[in-house]
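Reader: I should be grateful for a close examination of a single part of this model, namely one helix and its surroundings. Please set out the reasoning in connected form.

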Amino acid sequence: MARYELVKRSVALITLTNPPVNALSSAVRHAIAKSMECALSDPKVTAVVICGENGSFCGGADIREFAGPLKGPPLVPLLDAIEAGEKPVVAAIEGVALGGGFELALVCHYRIAHSKARLGLPEVTLGILPAAGGTQRLPRLIGISAALELITTGRHISAQEALKLGIVDQVTEQNACEVAVEFALRAVAKPLLSRRVSMPCKPREIRSAAVMGIKRECLHGHEQDLGMVPSLGTMGRGIAVCLARVGISVIAVESENKLLETGRQMVIGMLERDAKRRGVSASLNLLKFTISLQDLKDVNLVIEAVFEDMALKKRVFQELSKVCRPATLFCTNTSGLDVDALAGVTDRPHLVVGMHFFSPAHVMKLLEVVCGPRSSSETIATAMSLGKRMGKVRVAVGNCPGFVGNRMLKPYIDQATFLLEEGDFGFAMGVFRMSDLAGLDVGWRVWKESGLTGSDVDPENPPRRRQGRRYCPIPDMVCEKGRFGQKTGRGWYMYDKRGGTNAKPDPLIQILLETYRSKYGIQPHNISNQEIIERCLFALANEGFRILEDGIAARPEDIDVIYLFGYGFPRHRGGPMFYASMVGLERVLERLEHYHQAHPDVPHLKPSPLLKKLVACGSPPVQKWREHIKTMHSHL
Ligand SMILES: CCCCCCCCCCCCC[C@H](O)CC(=O)SCCNC(=O)CCNC(=O)[C@H](O)C(C)(C)COP(=O)(O)OP(=O)(O)OC[C@H]1O[C@@H](n2cnc3c(N)ncnc32)[C@H](O)[C@@H]1OP(=O)(O)O
């Protein structure tokens with residue numbers, strides 16, 4: 001039922017011999033199990049090739065056995081064991097790989113197909129579902145929508161389509177078995193972890209974590225010994241609470257005893273209130289507070305949540321590299337800084353990943369897991385699984401300034417401020433309320449760092465233009481007055497007190513606007529709700545298309561999740577990308593073209609090539625956009 005032989009001295013060749021289509025009868029399953037046992041235990045064998053006799057790989061489960069009781073080794077554990085084995089297994093597919101035969105190929109670490117081969121999951125035509133892992137492995141390999149289409153139609157695909165979808169690694173005109181043997185010999189030295197479709201990598205179990213923050217004032221202090229300056233800020237406190245309430249022991253780092261006591265009381269208070277609400281007892285015994293970095297030497301993972309300053313974060317990571325064990329994972333809670341630049345100053349770039357929490361971290365659901373080019377799959381999987389344990393909605397994103405959410409915010413906010421400059425102050429203030437909440441100084445600092453504003457920049461030369469494009473300095477003028485939003489009691493709005501949430505229009509902002517407009521000779525005109533919505537939201541979605549093109553987000557649905565859970569996008573609109581598809585891509589394109597023509601100095605309004613491509617392809621539904629994107633981030 002299966003022939004076992006050693007070829008090229010070190011490759012175990014297992015040939016299924018159950019004519020006419022090598023169906024996986026109980027005898028065949030038994031023979032495969034025996035052959036795999038031999039191959040894995042024989043030190044001479046370095047790799048395995050599985051093929052089928054008479055030019056047919058395998059037609060699937062033996063349907064003649066369906067009527068009777070199950071005999072012989074069950075298929076699922078047998079396939080799982082092949083995938084989990086420590087020697088590379090290559091499927092040599094000639095003829096057909098259907099149903100269980102395709103599922104057998106999916107557990108092999110590599111797949112070589114003859115150009116005339118056909119693959120598929122035709123179970124649906126028998127009234128059943130693929131039951132040997134196909135429903136789990138295929139979506140992991142080619143994405144949910146492509147896999148669903150194959151599973152629900154049961155259609156057979158050609159070797160060429162399988163190659164295009166990423167199901168097979170190579171298509172050959174020659175004898176697939178011989179090609180597979182040569183391929184297997186080359187695969188021997190390569191790591192297998194990422195080749196296991198069902199478990200590209202196993203996340204680490206995190207039992208202990210450290211959360212460290214550094215308060216803003218310490219930025220300008222002397223930092224010879226970082227052990228003396230960390231301080232548990234708002235983000236750090238929220239993250240510590242999230243970790244402790246799911247049973248992870250936490251060391252929270254503070255800078256000095258006085259701050260330590262304040263931080264301790266706040267975290268304990270938050271945990272106690274949370275436990276009371278949930279009717280459980282607070283896990284206070286899991287918390288430890290320290291002012292010494294040395295106490296972090298044994299933790300599994302550190303979440304750095306210091307002030308958003310690259311130089312400061314780099315210094316922290318350099319210190320952590322000296323203190324922590326070589327296997328400790330380093331996570332940075334940053335809202336947009338280069339994760340790879342931080343990884344570069346550590347002694348373990350592959351163990352560094354971004355975890356972008358949203359404030360307040362113990363309340364907000366969203367977590368962007370930022371995959372640096374050097375972050376290992378295990379590191380990313382661990383951050384994703386830790387986020388899941390913390391109850392977060394996690395989205396893996398690529399590493400670029402602002403990642404997904406904040407990168408898209410820039411054109412959105414730009415449009416809102418340009419509209420403010422041009423028009424009436426009376427429109428819905430979503431962006432401005434949000435900016436007040438987040439803190440206006442955050443964006444101001446980023447603009448300064450990127451040379452858009454600050455003492456080195458002459459605001460009048462040329463006025464209202466920076467770096468060759470339109471620039472609105474009104475947000476800088478607001479910040480220059482010390483109005484940083486809710487936390488200072490004044491921002492775009494005025495609040496009853498510092499930290500207050502009751503926003504009222506501020507006549508001073510109206511005066512500031514009038515003075516500004518008269519200085520630059522701007523005649524305010526009424527701007528329709530439609531224009532406001534189109535310019536803000538289409539610019540937002542346009543950047544989303546660019547993010548997809550750049551491979552920073554894996555799919556439009558990820559962008560929508562980020563905006564729904566992190567930025568309060570109205571649920572019933574489905575997120576910016578879904579909203580664009582509902583409006584109609586053709587309409588979005590036409591309006592962006594119109595606005596870009598009217599504002600040629602605003603590059604964000606220029607329609608992205610992907611949007612144009614999608615419209616040219618007949619505006620497919622959101623689930624199909626991925627098929628039109630060339631660049632895919634290797635980790636997403
Ligand atoms: C309803 C309750 C079910 C309970 C099930 C519990 C099961 C638990 C087991 C879990 C594991 C599940 C694994 C998996 O997910 C399920 C499956 O794999 S189901 C099988 C899927 N495969 C197919 O549907 C393939 C069907 N076959 C074909 O499409 C064609 O035969 C072919 C392979 C493309 C070849 O086509 P042709 O060249 O034209 O040749 P024929 O059609 O004439 O077939 C030749 C010959 O082969 C026999 N045959 C084909 N496939 C099978 C098979 N899977 N099992 C047994 N025999 C098969 C076919 O009957 C012909 O026989 P002949 O008439 O010549 O005697």
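**Helix α4 and its surroundings**

Author: In this predicted model, the cover over the buried residues of helix α4 includes four other helices: α2 (75-84), α3 (100-107), α5 (144-153) and α6 (159-165). Helix α4 itself spans residues 134-142, and its buried residues are G134, R137, L138 and I142. Because these residues span an arc of only 105° around the axis, they lie on the same side of α4. Residues count as buried here when their relative accessible area is under 20%, and R137 is included among those of α4. Beyond the helix, α4 is followed by G143, a residue with a positive phi, near 95°. Among the helices that cover the buried residues of α4 is α5, which comprises residues 144-153.

For context, two further parts of the chain may be described. The unreviewed UniProt entry annotates residues 233-399 as "domain: 3-hydroxyacyl-CoA dehydrogenase NAD binding". In the model, this stretch is 39% helix and 21% strand, with 24 Å between its end C-alpha atoms.

A helix pair offers another view of packing. Helix α13 (residues 405-422) packs against helix α14 (residues 430-438) at an angle of about 115°, and their axes are 10 Å apart. The crossing of α13 and α14 is left-handed. From α13, the residues L409, Y412, I413, A416, T417 and L420 take part, meeting V431, F432, M434 and S435 of α14. Of the residues in this contact between α13 and α14, eight are nonpolar, two are polar and none is charged.

Conventions
Residues are numbered from 1 along each chain as its sequence is written. This is a predicted model: local features need pLDDT of at least 70, side-chain atom pairs count only at pLDDT 80 or more; totals for chains, interfaces and linings use all residues. Side-chain values use heavy atoms; hydrogens and water are left out. Buried means under 20% relative accessible area, exposed over 50%, partly exposed in between (1.4 Å probe, protein chains only). Helices (H or I, at least four residues) and strands (E, at least two) are DSSP runs, numbered from the N terminus. The arc is that of the directions from the helix axis to the C-beta atoms. Contact means heavy atoms within 4.5 Å. UniProt positions are given in the numbering used here, feature names are shortened, and annotations may be inferred rather than shown by experiment. Axes are lines fitted to C-alpha atoms, for helices over the stretch in contact, and angles run from 0 to 180 degrees between N-to-C directions. A crossing is left-handed if the near helix is turned anticlockwise from the far one by less than a right angle, and right-handed if clockwise. Ala, Val, Leu, Ile, Met, Phe, Trp, Tyr, Cys and Pro count as nonpolar, Asp, Glu, Lys and Arg as charged, and the others, Gly among them, as polar.
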